[in-house]
Amino acid sequence: SPTDRSPTADPVLELSGVGKRYGSETAVSDLDLLVHEGELVTLLGPSGCGKTTTLRMIAGLESVTEGTIEVGGTVVAGDGPQTPPEERDVGLVFQEFALFPHLTVAENVAFGLEDPDSPEAEARVDDLLDLVGLSEYGDRSPEDLSGGQRQRVALARSLAPEPDVLLLDEPFSNLDVRLRVRMREEVKRILDEANVTAVSVTHDQEEALSISDRIAVVNDGRLEQVGPPEEVFENPTSRFVASFLGQASFLPAEVTADAVETSVGSYDRDLLAGLGDGYAGSRVDVLVRPDDLRAEPAAAGDADGTVVRRQYTGPSFVYHVELDDGTVVRCLHNHTEEFEVGDPVTVTLVADHELAWYPAR
Ligand code: ATP
């Protein structure tokens, strides 16, 4: 089972062996996850992998069929009776922001407070509107706000009762692309500033990489890997995680006593991360990202492969090269348009860091 190490602060949320079955279908199985104070952990995975079900179990909108959930050291779901959602110190931000149109922005934010008309509540609302950059908008109707502003109101409303844990369910998916990128930075800033402990759910790997303190990659109801974005991206423990986070190619290689032999050349054994002694003779597949490889023009007889696809990404080109053994790898080239489909090329590993690898299948 994936290890979960982030001993920096006390866990505010703890899932132990959590599972969810719907009849004979298992939506989530044996999920262990610790979320520490002030941390933003993102559940990332493909559609149907069990992210939303997990979030709903934490919120209490769904029961657990296995395991326990603790919030702030209190068991809220497990063998005994489940704590109802309103008695859990958990806030929720949904993709549709669900603001009350007949209330002002300030009244929406005050809605979650016990005594919304008290001077304390008013001060709290002022603080929150300030935090989300909407001090001037308290008297407006939410209908007269932009999408991004509405989302910040929804966030302020969820933060008003000071929940132990804030849950964000695809909070940016209803925003257009440019606003989405801006809002996720903004929301991250707000959560950091208020030291909020949060769990978000997304299937967008770029979003997960850019805002999370740690990412929990979920596949088919199971946790595949948990770790900081760089670790999960650079050292994925499975092919699934490697492929789900960014573009991944797998280069077949044979480990010898003193080298790693591939169809694009022979490299030092140090290239492979954590390769112990005793792998000589093993066949492995090396994870290569587009920027780990470089293609060069070649005469047909000297080529390692042929360009089969040219992908324009804006700042760069990615050339898909089919190697002689049939493997397709991707090579990143900044700015320059160098090859046409059909061009013979040589391919070189230019990675300046250790590469992850998996036993050959
Ligand atoms: P998406 O990104 O598409 O929202 P998800 O990762 O959030 O997907 P879940 O909504 O958690 O996935 O669903 C996980 C699995 O559980 C799916 O196979 C789904 O069909 C199943 N499931 C979810 N809710 C129910 C339900 N009420 N009854 C039966 N099966 C359900």
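The following questions and answers concern helix packing and strand pairing in a predicted model.

Me: What pLDDT does the chain average in this predicted model?
Reply: The model as a whole scores ipTM 0.92 and pTM 0.88. At the level of residues, 97% score at least 70, and the average pLDDT of the chain is 91.

Me: Is helix 4 roughly parallel or roughly antiparallel to helix 5?
Reply: Helix 4, residues 147–159, packs with helix 5, residues 177–193, with the axes 11 Å apart and at an angle of about 25 degrees. Angles under 35 degrees count as roughly parallel. Helix 4 is therefore, with respect to helix 5, roughly parallel.

Me: Is the crossing of helix 4 and helix 5 left-handed or right-handed, and which residues of helix 4 make the contact?
Reply: The two helices, helix 4 and helix 5, cross in the right-handed sense. From helix 5 the contact draws on L179, R182, M183, V187 and I190. By class, the contact of helix 4 with helix 5 holds 5 nonpolar, 3 polar and 1 charged residues. On the side of helix 4, the contact residues are G147, G148, Q151 and L155.

Me: Which strands stand at the edges of the open sheet with the order 15-19-16-17-18?
Reply: This open sheet is formed by 5 strands with antiparallel pairing, and its neighbouring strands are turned by 40 degrees against each other on average, direction ignored. An edge strand has a single partner strand, so one side of it is left without a neighbour in the sheet, and this applies to strand 15 (293–297) and strand 18 (328–334).

Me: Which residue is the bridge partner of T306 in strand 19?
Reply: Strand 16, residues 305–312, and strand 19, residues 344–349, pair in the antiparallel sense over 2 bridges. Within strand 19, the bridge partner of T306 is P344.

Me: Which strands stand at the edges of the open sheet with the order 2-1-4-5?
Reply: Here 4 strands form the open sheet, again with antiparallel pairing, and the twist averages 25 degrees from one strand to the next. Those with a single partner strand, and so with one side left without a neighbour in the sheet, are strand 2 (25–36) and strand 5 (74–77).

Me: Which residue of strand 4 is the bridge partner of L15?
Reply: The antiparallel pairing of strand 1, residues 11–22, with strand 4, residues 66–71, runs over 5 bridges. In strand 4, the bridge partner of L15 is I69.

Me: Which residue in strand 14 is the bridge partner of L251, and which residue in strand 20 does D285 stand opposite?
Reply: Strand 14, residues 283–288, runs antiparallel to strand 11, residues 249–255, and 6 bridges join the two. In strand 14, L251 has V286 as its bridge partner. Strand 14 also pairs in the antiparallel sense with strand 20, residues 357–359, over 3 bridges, and the residue of strand 20 that D285 stands opposite is Y358.

Key
Residues are numbered from 1 along each chain as its sequence is written. This is a predicted model: local features need pLDDT of at least 70, side-chain atom pairs count only at pLDDT 80 or more; totals for chains, interfaces and linings use all residues. Axes are lines fitted to C-alpha atoms, for helices over the stretch in contact, and angles run from 0 to 180 degrees between N-to-C directions. Angles under 35 degrees count as roughly parallel, over 145 as roughly antiparallel, 65 to 115 as roughly perpendicular and the rest as oblique. A crossing is left-handed if the near helix is turned anticlockwise from the far one by less than a right angle, and right-handed if clockwise. Two residues are in contact if their C-beta atoms, placed from the backbone, lie within 7 Å. Ala, Val, Leu, Ile, Met, Phe, Trp, Tyr, Cys and Pro count as nonpolar, Asp, Glu, Lys and Arg as charged, and the others, Gly among them, as polar. pLDDT is the predictor's confidence in each residue, from 0 to 100. Two strands pair if DSSP finds at least two bridges between them.
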